Structures are given as C-alpha cells and as structure tokens.
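Here is a short report for a reader meeting this structure for the first time. Please keep the view open while reading.

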Amino acid sequence: MPRKMATSMSMDPVFAREPGQLLQLVEQSVSLGFWRLDAREGRPSWSAQLARLHDAPEGYAPTLEDALARYAGEHRSELRAGIRACLEEGTPFDLEVQLHSMQGRRTWVRCVGQALRDPGGAIVGCEGLVQEIAPSGYAPGTLLRHVVSMGGALGSGEAFATVDRQGRISYANGEAARMLAPGGEPLVGRKIWSYFQKRARLGLEERFMQALEQREAIELEELDAQVRHWLELRGFPFGSGLALHLRDVSSRRRAQQHLMLLEGSIARLNDIVIITEAAPYRAPGPRIVFVNEAFERRTGYTRDEVLGHSPRFLQGPDTQRSQLDRIRAALEQWERVRVDLVNYTRSGEPYWVDLDVSPVWDESRRLTHWVAVGRDITERKRDEEKIQYLAFYDPLTELPNRQRLLERLGAAAGEGGPGRDGALMFIDLDNFKVLNDTLGHQKGDLLLQQVARRLRNCVARGDMVARLGGDEFVVLLENTPEKPLDPLTAAQSVSQRILDALGEPYVLPGYLHHSTCSIGVTVFGPARSGVSELLKQADLAMYQAKAAGRNTVRFFDPEMQAVASENAALAADLRQAWRDNHLAIEYQPQVGMDGRMTGVEALLRWEHPSRGLVQPDHFIPTAEETSLIIPIGHWVLETACAQLALWARHPGRAHLGIAVNVSVRQFRHPDFIDEVMHCVRRHGVPPGRLKLELTESLLADNLDAAIARMRNLKDMGVRLSVDDFGIGYSALSYLKRLPIDELKIDRGFIRDILTDGNDAAIAGTIIGLCRNLGLEVIAEGVETEAQREFLARQGCHRYQGYLFCRPLPIADLEAFIDRAEGGARLTPEPSSAGS
C-alpha cells in the first residue's frame with residue numbers, strides 16, 4: 001500500500017489497521033498471493049496467502065526450484081522461461097498454469113511477474129502475484145465465482161444458463177439455446193431436466209433439487225433427448241439458483257468407446273504404445289490418454305504420471321529438431337509419419353525409437369486420436385554408430401582415417417561442388433622405425449597416441465587431423481566463413497606449433513623418448529589440383545623436409561617456399577629478440593598550433609644484430625601472424641602508462657599524453673579491454689592522457705563488435721584515434737558511428753601535399769570532415785615548414801614529424817623537452833625519412 005494512502009487511513013479509528021493487515025485482507029478477498037525474487041540470492045520470498053495457496057507449512061522457505069516444482073510439468077518450463085526473461089531482459093509475463101499444492105490439491109492459477117529495478121535502472125529481481133482462477137474463497141451466493149471458474153462463459157462463446165430454485169431455466173445464452181433447443185422453441189421457464197431422455201429425468205430431477213436445496217455444485221453427463229448428443233453439465237449455486245455450464249462431449253464419448261476397444265488389444269504389446277487425443281500439435285498439444293506396459297517399462301514413467309500430459313516431456317537436448325518438424329507437419333495434415341527419434345527415460349537416459357504415428361478415425365471419418373507405436377532400436381543405432389566409426393576413424397589414435405580425409409579433402413578441393421582455399425600438411429615422424437624395432441610395437445603405439453593428442457592441440461576447432469597409417473599424419477586447414485584464414489599464413493603458424501609440440505620429450509613406460517617430425521605443405525585454391533595431386537604435392541614437400549635434415553617444414557611451391565622460409569626466419573629472430581629484451585620504444589613528439597608539445601606517440605623499434613634496424617612495417621605483420629603482438633602490445637601499454645605516471649608528478653609534463661598503436665589482433669583479443677583498464681588503474685594515470693591509435697582495418701570485419709569495444713574504452717575515459725586515415729577501409733557511413741576523438745592524416749598524403757593536387761584535396765577534405773564532425777585532426781610525417789603552413793591554412797593545427805623532432809629514446813626525449821622548456825629552437829631534420 002502506498003505510504004500516503006496508509007497515512008490517510010490511519011487518521012480514522014475505523015481504518016486503524018496496519019498496511020500489512022490490509023494487504024492480507026486484499027489477498028484473502030481475491031484469493032491471490034504476492035512473491036518476490038532477489039536476482040543475487042536466487043531465493044524467492046512469498047506472502048502468507050501465497051503459502052496457503054501452496055498448502056505450505058508455516059515458516060516454509062522454498063528455493064526457486066522448490067517453488068517451480070509445485071507446477072505441472074508441461075507448464076514448469078514455460079514459467080521458468082518467463083522468470084528468466086524477466087530477470088535478464090525485464091520482460092513481464094502473465095501466464096495461466098496448473099498448481100499442484102503440497103497437499104495434492106490441483107488448481108489453475110494466474111501467474112504475473114514484472115522486473116524490479118534499482119534507481120539506476122538495473123534489474124535486481126522480479127516480483128508478482130499468483131491468483132487462483134477458480135478460488136474456493138468466493139461466497140456461494142455470488143455469480144462471480146461461477147463465471148470465473150467456467151473460464152468466463154458469458155463471453156467465451158460457450159453454452160451458459162441459469163436456473164431458479166425450482167429448476168426452471170431463468171436465463172440461457174445463444175449457444176445454450178442452440179444446444180438444448182435447435183428448433184428455436186423458448187427455454188425460459190422450462191425445467192432443465194426436461195431436455196434429457198425420459199429414462200434419466202427422474203434421477204436428474206432428484207440430483208438438481210438436492211443441489212438446489214443443499215447449495216452444492218453438480219456435475220454430470222447425459223444424453224440429450226432431442227438431438228441425441230451427450231452433454232456435460234456443471235452447475236454452481238448462487239443466490240437465486242444454479243449457474244450452469246454446458247458442453248457437447250459427444251465426440252469425446254465416442255472416442256472413449258473407441259479407445260476401450262483399442263486398449264484391450266494393445267496393452268500387452270512389446271512395442272511402446274502411446275495414444276493421444278486428436279488435439280492440434282501446437283501448444284499445449286495433444287494430451288496422452290493411454291500408454292501400455294511396454295511404455296512404463298522402457299521409460300520408467302507410470303501411467304498415472306503421464307496421463308493428461310503432452311508427449312513432449314519425452315524429448316531432450318539431443319532429440320532431432322528435423323524429425324520433430326516432420327511429426328508436426330504430419331499432424332497438421334492428419335497424415336501418418338514414421339521417424340527414428342531420440343527420447344529420454346525418467347532418469348535422463350537417451351534411447352532410440354522407430355516411431356510410427358498414425359491417425360485414428362471414427363465411423364463418421366472424424367479424427368479422434370493419434371496412436372504412436374515405438375520400437376526400441378537403441379542397440380541397432382549403437383551398432384550403426386560403431387560401424388560408422390570403424391569405417392571412418394582410426395581405432396588406435398581415434399583420429400579420422402584415410403577414407404574420412406579423402407572425403408573432406410575432396411569437398412575442400414572442389415570435387416563435386418565449389419571448393420575453398422586451404423592448406424594440406426603431410427607429417428611424418430623422424431626415425432619412427434628405429435623406435436619400433438628397438439622398443440617394440442607396443443611403445444610405438446603409445447607414441448602414436450601421444451602424437452595424435454599433441455596434433456589435435458595444435459589446430460583450431462574445425463581443422464582436421466587424420467592418420468593415414470603407420471607414422472604418417474595429415475592436417476587439413478580450410479578457409480571457411482566460420483573460420484576465415486589465409487592458408488599460407490595459417491600453414492606457417494600451425495607447422496611451427498607442430499614442430500615445437502612434437503619435438504617435446506615423450507614419456508613412455510620406463511623410457512623418455514625424444515622425437516622430431518618432418519612436414520610437407522601444399523597450399524590450394526578452389527580451382528587447384530585434385531585430391532590425389534594434392535596428396536602427392538604434400539608428400540613431395542615432406543621428403544624435401546627430410547632431405548633438408550628433418551625436424552623442419554617445406555612448402556611445395558619453390559617461390560612460396562622462399563617467402564615462407566624468410567618469414568619463418570624473421571619470426572624466429574623476432575621471438576628470440578622478445579625473449580632477449582632487444583625490442584625498444586622510442587617517442588616522437590606531437591605539437592599544437594602554438595608550437596608547444598601536447599604529447600608523444602610510442603613507436604616500437606627493433607635493432608637486429610645482423611639485419612640492422614628492422615622497420616616496423618616489416619616485423620609488425622610477423623608479430624601479428626605469430627601472436628607475439630599480444631605480449632609485445634601489453635608491454636608497450638604497460639611502459640606507456642608507467643611513463644605517464646612519472647610525468648604526472650612533474651608539473652611541466654603532467655599535461656602530456658602518450659599515443660599507443662593497437663593492432664587488429666590485439667584489439668580483438670578477449671582480454672584487451674580489461675587489460676587497458678587494469679593498466680590505467682594500476683599506474684594511477686588519468687585515462688584521458690592515454691590515446692589508443694586504431695587502424696582502419698578494424699572496420700573491415702564485424703564493425704558492430706568493434707564499435708562496442710571502442711565504446712567500452714571511451715566509457716573508461718581513454719581517447720581514441722584512427723591512424724593513417726584515408727588509406728584503408730574509410731567510409732563516411734562507418735565514420736559517423738565511430739566513438740573516436742581524432743583522425744590522423746597518413747604521411748603518404750603529406751609527403752607531396754605541395755606538389756600533388758590530389759593529395760592536397762584529400763588532406764583538405766579530411767580536415768573539413770573532422771571540423772564538421774567535431775573531431776580533432778593531426779597530420780603525421782610533417783617535414784617542412786611549407787607543409788605545416790599549408791595544413792594550418794586548411795585548419796589542421798596539430799602535427800607530428802621530423803620538422804619538430806625525430807623519434808627519440810626516453811632519455812633523449814626528456815632532454816629535448818628540457819631544451820624546449822628553456823626556449824631552445826630545434827631546426828628541421830635534414831632526413832626525409834617518415835615518422
């Protein structure tokens with residue numbers, strides 16, 4: 001009760017009741033109870049009236065599952081889904097379900113729920129009410145109880161009438177008139193029992209008069225005298241007589257008679273038999289009216305447990321949706337259907353049935369029932385699965401065998417349909433024959449099993465590892481929409497993982513074995529060679545690896561092999577440089593229109609002992625392909641935040657920010673957002689001093705996910721910039737959706753901005769675009785005063801380039817900042833190298 005209402009009522013002694021007492025009065029008068037569910041605790045609380053509706057003992061505190069268990073099985077999942085949607089999405093629900101109280105009483109109730117939200121709008125739980133649809137608490141003399149209990153018969157199109165204390169009809173709606181007097185004669189004033197057969201009238205009169213005198217309900221089925229239909233009649237007492245609900249149940253009576261004939265002949269069949277009424281398949285669906293003994297033995301359910309329920313409770317997580325759709329379509333067309341279906345016993349054990357569902361008709365070709373006869377075929381299915389497994393899998397390693405590989409490779413290579421890009425890797429263990437000859441085949445088999453496990457761990461989900469026989473294995477990588485990949489890059493990465501994994505020691509009984517492998521790779525496209533040709537190419541490449549000294553990988557294409565070897569060498573050198581801490585960070589200042597430094601960009605550097613200075617655009621792609629970019633990127637981020645923390649304590653440098661480049665793979669890593677947040681918090685730096693420079697290639701795939709991640713970073717306070725704008729996937733429709741602070745004009749447009757009209761136009765367009773969108777703009781690669789002046793005239797007033805300073809180690813940068821603060825002027829660098 002609202003506080004204002006409670007206060008006003010308390011002023012009058014007549015209404016001197018506590019709000020809790022008034023709530024109890026409301027609950028009792030309309031037979032409803034209230035509940036509330038806390039999302040954190042997961043345990044409901046309910047009012048005393050709701051406990052009484054459940055016939056629960058005093059002080060009983062149910063769990064959510066305890067409370068749901070009190071509702072009929074066919075409604076329980078619907079109610080659970082309603083509560084889940086309310087908690088997760090705030091969706092209200094209003095359901096009519098059957099309640100089984102703790103004392104065994106069954107009643108229909110209306111369950112209503114809505115979300116509870118905190119002041120910030122977050123869902124913290126839900127609450128609602130449960131109201132008995134036909135409450136026993138209504139006074140016998142009110143028509144409300146009778147109308148409610150009959151489902152609103154006055155407006156539902158069903159037959160409804162009332163009789164006075166002498167049994168005379170005092171009111172009849174149109175449906176009752178059509179049912180009792182199809183000839184149109186008046187009903188009002190006639191005795192209700194006069195409409196039934198003469199042989200039953202005396203008994204009916206006695207039953208009606210007894211119900212009228214003792215003010216009790218009446219329920220019966222009798223044969224109508226005029227049209228010889230069986231009618232179901234239910235009467236409820238009210239102040240001036242009985243309220244009657246009538247229903248034509250002739251088809252049900254005929255169906256019951258038909259069913260009695262069926263039951264005797266099928267009750268003892270060994271096959272499972274289920275008979276349902278001929279109701280539509282849609283919810284709530286057909287209800288079971290008969291099961292035989294074989295059903296009880298196989299499922300573990302008793303007849304009493306399943307009668308009146310939909311057969312859907314036999315379904316489970318592995319029940320085939322396609323087969324259920326076939327059954328549904330057949331039932332809707334009143335046709336026979338036969339399927340193999342997975343069902344579940346009461347204990348949750350799956351079993352297979354060969355299910356034949358047939359319609360049953362009465363003598364007037366009216367559909368009365370569905371008969372489902374199921375033969376248990378679980379053993380047959382297990383045998384089929386075993387045969388299938390033996391046909392396509394290697395029993396020793398449990399990997400796909402040659403036959404399965406050929407099928408999959410044929411599909412990938414385009415035999416019989418469109419092909420895909422991919423890579424085929426032929427793997428042979430080095431010196432395996434020596435192990436078999438010296439230690440025996442048993443230890444050899446154990447080694448092969450360990451090799452199989454390691455190979456599976458080297459590939460992604462969806463890639464195939466197969467055993468051809470002996471010590472020969474094959475890996476198939478495919479470019480699919482679900483798992484896009486560049487075959488060459490993927491083969492290089494996977495082959496290196498395989499070399500590393502198979503080169504680790506093997507623990508065999510009483511023996512630590514060391515082994516290596518040789519790998520041959522061929523890359524193919526949709527219109528490449530056939531299956532046999534691909535296997536031959538991979539095999540030849542593998543022998544090249546053997547000839548090269550084993551424990552290595554070779555690609556079939558010589559030109560590709562050269563590229564792959566160079567990339568592999570670069571990747572190995574980069575991995576070693578990372579381990580030896582040979583990577584460094586330099587910082588290049590960024591300045592504003594007044595010449596003051598506003599921040600720096602952190603740039604990764606690698607000085608190789610023999611290669612010399614390796615350019616970032618050469619080794620960064622390799623770091624991405626080998627996933628080294630993840631730890632390297634984390635190190636750069638940590639270093640930048642640590643430097644910001646130092647500058648924050650220096651009054652003259654606290655305003656400086658640091659821009660950090662973020663690669664595509666780093667940005668899409670699941671832990672990246674948390675990593676940035678923890679890094680900023682750990683060093684205690686203002687998040688606005690950290691700027692993440694993102695490449696346009698992020699926009700090429702899954703734009704919505706990229707925008708969501710960017711918004712998370714923006715909510716954190718981190719600034720975002722799109723690097724090298726104009727050379728990648730730029731699109732105005734994308735740009736206006738991006739939650740960014742800045743665009744960075746690529747140095748390629750700045751280099752010839754004074755001599756190339758196209759570059760000048762593009763730069764001017766980008767600057768104007770930023771001005772209209774309210775974004776900052778910065779130009780990189782500014783090397784001359786003339787370039788800076790041109791950009792300033794266009795409206796760009798932030799710059800980065802050799803005109804101001806080249807990238808510097810942190811010590812040199814600190815010295816540069818000190819000179820700049822002292823008023824020293826830095827002359828332009830003579831080099832034309834980019835920034």
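The report covers an open sheet, a strand with its partners, and a pair of helices. The model is predicted.

## The open sheet

Strands of a sheet pair through backbone hydrogen bonds, either parallel or antiparallel. One open sheet here has 5 strands, in the order S2-S1-S5-S4-S3. Its pairing is antiparallel. The edges are strand S2 (44-46) and strand S3 (93-100). Each has a single partner strand, so one side of each is left without a neighbour in the sheet. On average, neighbouring strands of this sheet are turned by 25 degrees against each other, with direction ignored.

Look next at one edge. Strand S1 covers residues 32-38 and pairs with S2. The two run antiparallel and share 3 bridges. Leu-37 has Pro-44 in S2 as its bridge partner.

## Strand S18 and its partners

Is strand S18 mostly covered or mostly open? The strand spans residues 472-478, and 6 of its 7 residues are buried, so it is mostly covered, since buried means under 20% relative accessible area.

S18 pairs with strand S16, residues 422-429. They are joined by 7 bridges and run antiparallel. In this pairing, Gly-422 stands opposite Glu-478 of S18.

S18 also pairs with strand S17, residues 464-469. This pairing is antiparallel too, over 5 bridges. Gly-469 stands opposite Glu-472 of S18. S17 and S18 form a hairpin, with 2 residues between them. In the turn, Gly-470 has a positive phi of about 55 degrees.

## Two packed helices

Two packed helices are described by the angle between their axes and the distance between the axes. Helix H22 spans residues 629-648, and helix H24 spans residues 672-683. They pack at an angle of about 30 degrees, and their axes are 9 Å apart. Angles under 35 degrees count as roughly parallel, so H22 is roughly parallel to H24. The crossing of H22 and H24 is right-handed.

Which residues meet where H22 and H24 pack? From H22 come His-634, Leu-637, Glu-638, Cys-641, Ala-642 and Ala-645. From H24 come Glu-675, Val-676, Cys-679, Val-680, Arg-682 and His-683. The residues of this contact divide into 7 nonpolar, 2 polar and 3 charged.

Definitions and conventions:
Residues numbered from 1 in each chain as written. Predicted model: local features only at pLDDT ≥ 70, side-chain atom pairs only at ≥ 80, totals over all residues. Heavy atoms only, no water. Buried < 20%, exposed > 50% of the residue type's maximum accessible area, 1.4 Å probe, protein only. Helix = DSSP H or I, 4+ residues; strand = E, 2+ residues; numbered from the N terminus. Pairing = 2+ DSSP bridges. Axes fitted to C-alpha atoms, helices over the stretch in contact; angles between N-to-C directions. Parallel < 35°, antiparallel > 145°, perpendicular 65-115°, else oblique. Left-handed = near helix turned anticlockwise from the far one by under 90°. Contact = heavy atoms within 4.5 Å. Nonpolar A, V, L, I, M, F, W, Y, C, P; charged D, E, K, R; others polar.
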